[in-house]
Each structure stands twice: as structure tokens, then as C-alpha cells.
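The exercises below are to be worked with the sequence and the coordinates side by side. Each task is followed by a solution that goes step by step.

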Amino acid sequence: MKFSKLKAKGYGEAKNYDDKLLTPQSPFVISESYRSLRTNLMYTGCTEKCPVYVITGSAANVGKSLTCANLAISYAQIGKKTLIIDLDMRMPSQHKALNLENKEGVSAYLAGVTDEPNFMKTDFENLFVMVVG
């Protein structure tokens with residue numbers, strides 16, 4: 001059997017995030033779902049002033065990146081300064097989802113190529129991203 005037949009469906013393909021990120025025009029059901037998730041996280045008893053969340057999953061293409069981006073957008077929409085750090089070294093996608101260049105980021109910072117972390121502004125107020133690079 002050829003390798004191409006063994007590839008997981010959609011693995012390595014460019015994803016289209018158009019119309020999937022939260023905006024004021026998003027359908028109510030979708031935006032309310034992310035707001036509900038955000039509210040539940042806010043009231044879990046976490047007393048941290050600056051909580052950190054990790055979005056992970058057991059397989060590729062289960063919605064980790066989209067959930068991460070939309071949850072971050074929902075926090076930013078209520079005025080919380082929010083930072084996404086994309087640590088998916090194999091298939092980074094936050095730069096694609098938020099229309100950013102995948103230039104100096106986490107990998108350059110960890111390798112000591114740059115001394116300062118590169119937090120990139122997005123089109124969403126209060127939302128910043130550190131891409132993989």
C-alpha cells in the first residue's frame with residue numbers, strides 16, 4: 001500500500017479558517033458556545049491573575065487550533081489582554097488562522113537566536129500571538 005493511502009485525511013493540508021473565527025457577525029450558537037466555555041473557565045476557582053490554559057488533543061484535525069483561537073478571541077473581546085503561544089512544532093497553524101507571518105517566534109527564542117520574545121499583534125484588539133517561527 002502506498003504511503004499516500006496511509007495518510008490521515010486532511011493531514012498536512014492547508015486549513016481554511018475563513019468564517020470560522022469569532023466576529024460580531026458569527027452565528028449566535030457558535031459565539032455563545034465559546035462565551036460559555038470562557039465563562040466556565042473563569043469560574044473554575046482559579047485565583048490566578050493571569051491564568052494559563054493548554055489546549056491539546058489526542059489526534060490531528062480534532063479542532064484544537066480553532067478552539068484555541070476562538071477561546072482567545074472571546075477573552076480578548078471582553079477586554080482581557082490575551083496571548084496565544086503556538087507550540088505545535090510539526091503543524092503550526094495559529095499564524096494561518098490569524099493571518100500572520102510565521103517568522104521569528106518560539107523556536108528562535110528557545111534556540112537563543114533572539115533575546116526577546118516576538119509577540120505579534122492581530123486584527124483583534126487585545127489579542128497577541130507568539131508563532132512557532
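**Exercise 1.** What share of the contacts in the protein with a separation of 6 or more comes from residues 24 or more positions apart?

*Solution.* Begin by noting that this is a predicted model. Among the contacts with a separation of 6 or more, residues 24 or more positions apart account for 62%. Then place this beside the order of elements, which along the sequence reads α-α-α-β-α-α-β-β, with 5 helices and 3 strands in the protein.

**Exercise 2.** Determine how strand E1 is paired and which of its residues are covered.

*Solution.* First, locate strand E1 at residues 82-85 and strand E3 at residues 127-130. Next, read the pairing: E1 and E3 run in the parallel sense, joined over 4 bridges, and Thr82 stands opposite Leu127 of E3. Finally, separate the two faces of E1, of which the covered one carries Thr82 and Ile84, while Leu83 and Ile85 lie on the uncovered one.

**Exercise 3.** Decide where the coordinates call for caution.

*Solution.* Start from the whole protein, whose mean pLDDT is 85, with 86% of its residues reaching 70 or more. Then turn to the extremes: confidence is highest in E3, at a mean of 97, and lowest in helix H1 (residues 3-6), at 40. Over residues 1-13 pLDDT stays under 50, and the model has 7 contacts beyond four places in sequence for this stretch. Where pLDDT is low, predicted coordinates should not be read in detail.

**Exercise 4.** Summarise burial and surface for the protein.

*Solution.* Of its 133 residues, 30% count as buried. The exposed area is about 9,400 Å², of which carbon and sulfur atoms supply 54%.

Methods
Residues numbered from 1 in each chain as written. Predicted model: local features only at pLDDT ≥ 70, side-chain atom pairs only at ≥ 80, totals over all residues. Heavy atoms only, no water. Buried < 20%, exposed > 50% of the residue type's maximum accessible area, 1.4 Å probe, protein only. Contact = heavy atoms within 4.5 Å. Areas by Shrake-Rupley, 256 points an atom, 1.4 Å probe, with all protein chains shown as cover. Pairing = 2+ DSSP bridges. pLDDT = per-residue confidence, 0-100.
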